Amino acid sequence: MAGGGFCRLPNGTVVVALTLTRPCGGTATGAGPGAPVRVLVHAVNRARALTRLRNLGLRAVYLRGNAAPPTPDEITAVLHHPDGLLWRAAPQAGQELWHPIRALLGPAGHAGPARPAA
């Protein structure tokens, strides 16, 4: 885990920010597979935030310490997004905008191997 942290908001919810390696899927520009990305999650608590990411297929997601908490701009971005899950390339190049999490995970909607057809 490269870096991560959290911030507790006045209403009791938390914003968790993690720097992860980009999974293989996805078609959005800004980072190739394996490049670092900054992921923001808004949830009721830290455990629920990590569970939201794990349910999307990002299995090895852990938050150890609070070395890189979200900035005020990151908190504002995730609070104004309806899903509460955003990402962008970690070493931000220029004025890159935040992307919804489905752009990172690709058309299948998760980071893992292809799901079997139902």
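Start by selecting helix α2, residues 72-79, and look at Glu74, Ile75 and Val78, which are buried. Now turn the view until you are looking down the axis of α2: the buried residues fall within an arc of 100°, so they line one face of the helix. Bear in mind as you go that this is a predicted model.

Keep α2 on screen and add β1 (3-8), β2, β3 and β4, the strands that the buried residues of α2 pack against. Then colour Pro72 and Asp73, two exposed residues on the face of α2 turned away from its buried side.

**Zoom out to the whole chain**

Switch to a cartoon view and trace the chain from the N terminus; the elements come in the order β-β-β-α-α-β-β-α. That makes three helices and five strands. Of the 118 residues you are looking at, 42% count as buried. If you show the surface, its accessible part comes to about 6,600 Å², and carbon and sulfur atoms account for 58% of that.

How much of the contact between residues at least 6 apart in sequence joins residues at least 24 apart? The share is 60%.

**On to α1**

Next, select α1 (46-55). Its buried residues are Ala49, Leu50 and Leu53. These three cover an arc of only 95° around the axis, which puts them on the same side of α1. Bring up β2, β3 and β4 too, since they are among the elements covering those buried residues. Flip to the other side of α1 and you will find Ala47, Arg48 and Asn55 exposed.

While you are in this helix, pick Arg54, which also belongs to α1. Arg54 counts as partly exposed, at 24% relative accessibility. Setting aside residues within four places in sequence, look for its contacts with Arg59, Val61 and Tyr62.

**Into the nonpolar core**

In general, nonpolar side chains in soluble globular proteins tend to be buried together. To see it here, go to the largest nonpolar core, a set of 20 residues. Which of its members touch the most others? Select Val16, Leu18, Val39, Leu53, Val61 and Ile101. Two or more residues of this core come from each of β2 (14-21), β3 (36-43), α1 (46-55), β4 (85-89) and α3 (101-105). There is also a second, separate core of eight residues, and Ala17, Leu40, Val78 and Leu86 are among them. You have already met Val78, as one of the buried residues of α2.

Now centre the view on Val16. Neighbours within four places in sequence aside, Val16 contacts Gly5, Phe6, Val39, Leu40, Val41, Arg46, Ala49 and Leu63. Ala49 should look familiar, as it is one of the buried residues of α1.

**Arginines over rings**

Two of the contacts of Val16, Phe6 and Arg46, are worth showing as sticks. The charged end of Arg46 sits over the ring of Phe6, at 4.3 Å from the ring centre. For another example, select Arg64 and Tyr62: here the charged end of Arg64 sits over the Tyr62 ring, 5.1 Å from its centre. Tyr62 is also one of the contacts of Arg54. If you go hunting for aromatic pairs, you will come back with zero.

**Two loop stops to finish**

Select Val44, in the loop between β3 and α1. Is Val44 buried or exposed? With 52% relative accessibility, it counts as exposed. Leave out residues up to four places away in sequence, and Val44 touches Gly12, Thr13 and Val14. You can also draw a distance from Val44 to Leu9: their C-alpha atoms are separated by 9.9 Å, with the two positions 35 residues apart along the chain.

The last stop is Thr71, in the loop between α1 and α2. Its relative accessible area is 37%, so Thr71 is partly exposed. Draw one more C-alpha to C-alpha distance, from Thr71 to Val15: they are 9.9 Å apart in space and 56 residues apart in sequence.

How values were computed
Residues numbered from 1 in each chain as written. Predicted model: local features only at pLDDT ≥ 70, side-chain atom pairs only at ≥ 80, totals over all residues. Heavy atoms only, no water. Core = buried A, V, L, I, M, F, W, Y, C linked by side-chain atoms within 4.5 Å. Buried < 20%, exposed > 50% of the residue type's maximum accessible area, 1.4 Å probe, protein only. Helix = DSSP H or I, 4+ residues; strand = E, 2+ residues; numbered from the N terminus. Contact = heavy atoms within 4.5 Å. Areas by Shrake-Rupley, 256 points an atom, 1.4 Å probe, with all protein chains shown as cover. Phe/Tyr/Trp six-rings, centres within 6.5 Å; stacked < 30°, edge-to-face > 60°. Lys NZ or Arg CZ within 6 Å of the ring centre and 35° of its normal. Arc of directions from axis to C-beta.
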